[in-house]
Amino acid sequence: MRKRPLRRPAQSLPVFRAQSLRVFNGANQGDPIGFADELQLDDIYRLSPTAALSPLPVIAGAQPPFQIAQDTTLGMPGADLHLDCIVTFMSGNGQTSEALILVETDEAGNIAQIYVQPLAPLSPKTEYVLVGINRDGALQRFAQIACVSFTGGTHITMANGAQRRVEDLRVGDRVLTRDDGPQEIRWMGHQTTRAVGDFAPIRITAGTLNNINDLITSPDHRLFIYQRTDELGAGRSEILVRARHLVNGDTVHHLPGGFVDYYQMLFDSHQIVYAEGIAAESMLVDTVTSAALPAEMDDKLNDLLPGHHKTDHRSLEVQEGLLARPDAAELLKKSSMS
């Protein structure tokens, strides 16, 4: 049985209140989007023109219900939050988009509020036909979003110094890590997903962070920088920065459009590996991302979780506020070369 630790950091989910997404035409006409048992396939939804995504801070564990964090402006602090289902919409041009349906309940177990976490941008000017309701895949999809991933074609430095594309790596291959030298891969994950909105990959162009080639990663992938001088004011020489926080529209930018192949690399502990010459993290197994692992990995979780808990490098992460400047990537390059 997977145990949930007593204290876990909150993560912020961008959500709409259910009232912002209503049935424009169909069996539930006029109603806001509901939970799975209330939904009707082929209902047509529209997003309110005044709708705005709001952050919902959530403390997530291995299994729902999650809890709404204390510093929330939505819902009730401490309330249970259930991952009800994942829905699929189709727009008029034939494109599909997914969204997670989250249900907040009160102390008596009654529904207090329903939230929608879109996994692709939703527009008020578009009509969306509900074409899919998946009650079983919500937790795994939620976990996949939290996983850090390299895109297909990324060159990884092996134990012998050779460069190999991430899609060619196999379990048992030995990869060079910053802290523990050569380490064997225990599992490789792969998903193909739409490259849209905030979920589109991030391209760090060659040379931006002294990388040999372009590096393309998932938005929340953390990169390791050793600062010889503290240009950012982080107060330490070793730092981790999320790729999305370096976006400047020039040397670091989103790559929207089409589909993207994401690959995850898992070791016995959380590692810093080398991708296109940049030090970057491998997959971190915690109470959230463990749901992305296949069932055959369940018997190995008890061995993996303690090692990953000790090496999650959380204390090295630089918060977005210090990186909210167009020259952040330039400063990091300078700090690592000074």
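**Exercise 1. Determine whether Tyr-45 is buried or exposed, and which ring partners it has.**

Solution. Tyr-45 has a relative accessibility of 1% and therefore counts as buried, where buried means under 20% relative accessible area, exposed over 50% and partly exposed in between, with a 1.4 Å probe and protein chains only. The model is a predicted one, in which local features need pLDDT of at least 70 and side-chain atom pairs count only at pLDDT 80 or more, while totals for chains, interfaces and linings use all residues. Residues are numbered from 1 along each chain as its sequence is written, and side-chain values use heavy atoms, with hydrogens and water left out.

The next step is to look for ring partners, taking rings of Phe, Tyr and Trp (its six-membered ring) as paired if their centres lie within 6.5 Å, with planes under 30 degrees apart stacked, over 60 edge-to-face and the rest tilted. The whole structure holds two aromatic pairs. In one of them, Tyr-45 and Phe-89 meet edge-to-face, at 5.7 Å centre to centre and 65° between the planes. Because Tyr-45 belongs to strand S3 (residues 44–47) and Phe-89 to strand S6 (residues 80–90), this pair ties together parts that are 44 residues apart in sequence. Phe-89, also at 1% relative accessibility, counts as buried. Finally, ring pairs link Tyr-45, Phe-89 and Tyr-128 into a cluster.

**Exercise 2. Establish over which ring the charged end of Arg-46 sits.**

Solution. The criterion is that NZ of Lys or CZ of Arg is within 6 Å of the ring centre and within 35 degrees of the ring normal. By this criterion the charged end of Arg-46 sits over the ring of Phe-24, 3.6 Å from its centre.

**Exercise 3. Find out how strands S15 and S18 are enclosed and which strands they are joined to.**

Solution. Strands here are DSSP runs of E with at least two residues, helices are runs of H or I with at least four, and both are numbered from the N terminus; two strands pair if DSSP finds at least two bridges between them.

- S15 (residues 187–194) has six of its eight residues buried, so this strand is largely enclosed by the rest of the structure. Eight bridges join S15 to the antiparallel strand S21 (residues 259–266), and Arg-194 stands opposite Phe-259 in S21.
- S18 (residues 222–226) has four of its five residues buried, so this strand, too, is largely enclosed by the rest of the structure. Five bridges join S18 to the antiparallel strand S19 (residues 238–242), where Glu-238 is the bridge partner of Tyr-226.

For the wider setting, the protein has four helices and 23 strands, and buried residues make up 49% of its 338 residues.
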